[in-house]
Amino acid sequence: MKTALITGYSSGIGKAISLKLKENGYKIIGIARRDTKNIANQNIICDLKDINKLKREIKELLKKESIDILINSAGVGVFKPHEEINIEKIDEVIDINLKAPIALTNLLLRELKKNQGHIINISSIESIRSSKFSALYSATKSGLRAFSLSLFEELRRADVKVTNINPDITKTPFFDNLNFQPSKREKTHILSDEIANSVLFILETSSVITELTIRPQRVEIEKKKATKNV
């Protein structure tokens with residue numbers, strides 16, 4: 001049985017991936033800010049902004065578990081004029097979207113090399129295009145994409161696979177605190193289960209899919225009343 005460590009396993013894309021892999025015989029260890037029962041076989045409750053705690057948790061985990069797969073799915077978004085974003089929010093977006101995946105990879109890399117493992121980073125369509133009010137978010141996701149593609153070149157001789165996934169607008173709680181959301185109309189958004197199915201395929205193919213972009217057929221969003229998003 002292979003073991004996958006998944007960030008953001010308690011909701012959205014991370015939850016869908018966790019459930020799909022668990023259904024297909026993988027052992028799931030989840031990292032999230034809160035516990036969610038019946039998803040992970042084991043969980044680590046940790047704020048990804050707390051790199052020192054994360055480091056301690058991973059060191060303890062590796063004393064008793066062998067990790068074959070790392071999936072960095074946790075993410076946070078902000079889409080507004082850059083001058084309106086406070087410094088605390090800037091720190092949060094960079095820490096969760098970029099710093100934590102890089103740090104986790106560093107902490108697990110020797111283990112993944114030993115197991116000829118697989119790293120999957122959930123980036124974003126915003127990593128390959130330029131969008132209004134998305135400078136901060138796009139910077140972190142572009143950084144994650146660049147990290148993934150360069151890391152594959154570094155690790156391919158060690159037989160460690162690295163995959164970067166760029167989902168377009170996906171119907172998840174990601175949009176709960178934003179002032180827009182996916183349209184309810186058909187063909188205008190992706191479902192988390194579709195991404196989870198792709199992850200399973202990526203893990204079980206013998207070749208390496210270094211990058212995958214998933215998009216809905218049509219472009220359409222719905223505006224909503226802005227909520228707390230500082």
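1. How far apart should the ends of helix 1 (residues 12–23) be at 1.5 Å a residue, and what distance separates its end C-alpha atoms? In this predicted model, the twelve residues of helix 1 should span 16 Å, and the end C-alpha atoms are 17 Å apart, so the expected and the modelled spans agree. The buried residues of this helix are G12, I13, G14, A16, I17, S18 and L21, and just after the helix G25 adopts a positive phi of about 90 degrees.

2. On confidence, the chain averages a pLDDT of 92, and 97% of the residues score at least 70. The stretch to treat with care is residues 226–230, over which the pLDDT is below 50, although the model gives this stretch 15 contacts beyond near neighbours in sequence. Where pLDDT is low, the predicted coordinates should not be read in detail.

3. Strand 1 (residues 3–7) has five of its five residues buried, and it is therefore largely enclosed by the rest of the structure. The covering applies to both faces, with T3, L5 and T7 buried on one side and A4 and I6 buried on the other. Strand 1 runs parallel to strand 2 and is joined to it by five bridges, and within this pairing T3 stands opposite K27 in strand 2.

4. Strand 5 (residues 118–122) likewise has five of its five residues buried, which means that it is largely enclosed by the rest of the structure. H118, I120 and I122 point one way from strand 5, whereas I119 and N121 point the other way, and all are buried. Its pairing with strand 4 (residues 69–72) is in the parallel sense and extends over four bridges, with L70 standing opposite I119.

5. The largest nonpolar core has 33 residues, of which L5, I31, I58, L104, L108 and I119 touch the most other members. At least two residues of this core come from each of strand 2 (27–32), helix 2 (51–62), helix 3 (87–114) and helix 4 (135–155), and helix 3 gives the most, with nine residues. I31 has contacts, leaving aside its neighbours within four places in sequence, with L5, I6, T7, G8, Y9, I44, C46, L48, L54, I58 and L104. Separate from this is a second core of 25 residues, which includes A16, I17, I165 and I202.

6. The salt bridges come to ten in total, and among them are two pairs that can be set side by side for their accessibility. E60 and K63 form a salt bridge in which the closest N and O atoms are 2.9 Å apart; E60 is partly exposed, with a relative accessible area of 42%, and K63 counts as exposed at 65%. K114 and E111 meet in a salt bridge at 3.3 Å, N to O, and both lie in helix 3, three residues apart, about one turn of the helix. Within that pair K114 counts as exposed because its relative accessibility is 60%, over the 50% cut-off, whereas E111 counts as buried because its value of 11% is under 20%.

7. The salt bridge between D168 and R215 has its closest N and O atoms 3.0 Å apart. This pair links distant parts of the chain, 47 residues apart: D168 lies in the loop between strand 6 (161–167) and strand 7 (170–171), and R215 in the loop between strand 10 (211–214) and strand 11 (221–223). D168 is buried, with a relative accessible area of 11%, while R215 counts as partly exposed at 45%. Elsewhere, R33, D47, K89 and E92 are linked in a network of salt bridges.

8. A final point concerns D95, which lies in helix 3 and is buried, with a relative accessible area of 17%. Its contacts, leaving aside neighbours within four places in sequence, are with L48, K49, A100 and P101. D95 and G75 are 20 residues apart in sequence, and their C-alpha atoms are 9.5 Å apart in space.

Note on methods: Residues numbered from 1 in each chain as written. Predicted model: local features only at pLDDT ≥ 70, side-chain atom pairs only at ≥ 80, totals over all residues. Heavy atoms only, no water. Expected span 1.5 Å × (residues − 1). Buried < 20%, exposed > 50% of the residue type's maximum accessible area, 1.4 Å probe, protein only. Core = buried A, V, L, I, M, F, W, Y, C linked by side-chain atoms within 4.5 Å. Contact = heavy atoms within 4.5 Å. pLDDT = per-residue confidence, 0-100. Salt bridge = Lys/Arg side-chain N within 4 Å of Asp/Glu carboxyl O. Pairing = 2+ DSSP bridges.
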